[in-house]
Amino acid sequence: IYACLGGILPALLWLWFWIQEDKLHPEPRGRILLAFWAGMVAVPLVYPLEKWAVSHFGINASTYTVWAFIEETAKFVMAWLVALRTRAYNEPIDAPEYLITVALGFAALENTIFILDPLLSGHGYQSLVTGNMRFLGASLLHVVCSAILGYCIGREFKKKRLARNLWALAGL
């Protein structure tokens, strides 16, 4: 319970902050919740791929690059599945908003897992420190990376498919 609270509540706090930025044309709350859950669903899908990367590259800079690509691709696919191909995506700012929401869902479950490990080993203080560091570090990194991708997608909102795809690839 503590790990879930420590992982999910901070992400919901960030989500509330970002939702406040779109008061003129707010997104449907159900779609936002779906995007958050989709980010959480991406975590168990990503971990086997990341383990594969470690088995092939070891732990080095290449591995971190592959991990980043895997995570960002998974978050993009989830955002595309639940929001970016629907009628809810009706203005350029929606792309960053949905990608940030997916990123926060991803960070919520990932943070929960990272907090749970030391907690189960009886290291409550280490779990608290890990939660605090991930709230400011990993959560923001997920948000910033997804916001950049969302910007690249949203910037080409009314352009032709080739331009949209090229900018999405550039953002990724």
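**View A. Lys75 and its salt-bridge partner in helix H3**. With 0% relative accessibility, Lys75 is buried (under 20% relative accessible area; over 50% is exposed, partly exposed lies in between; 1.4 Å probe, protein chains only). This is a predicted model, where local features need pLDDT of at least 70, side-chain atom pairs need 80 or more, and totals for chains, interfaces and linings use all residues. Side-chain values use heavy atoms, with hydrogens and water left out, and residues count from 1 along each chain as its sequence is written. The Lys75 side chain pairs up with Glu72 in a salt bridge, at 2.8 Å from N to O (a side-chain nitrogen of Lys or Arg within 4 Å of a carboxyl oxygen of Asp or Glu). Glu72 counts as buried too, because its relative accessibility is 11%. Both sit in helix H3, residues 61-84, and are 3 residues apart, about one turn of the helix (helices are DSSP runs of H or I, at least four residues, and strands are E runs of at least two, numbered from the N terminus).

**View B. Arg155 meets Glu156**. Here's the other pair: the closest N and O atoms of this salt bridge are 2.5 Å apart. Arg155 is partly exposed at 39% relative accessible area, whereas Glu156 is buried at 5%. The structure holds 2 salt bridges.

**View C. Zooming out to the chain around these pairs.** The protein chain has 7 helices and 0 strands. Of its 172 residues, 41% count as buried. About 10,000 Å² is exposed, with carbon and sulfur atoms supplying 71% of that (Shrake-Rupley areas, 1.4 Å probe; for residues, only the protein chains shown count as cover).
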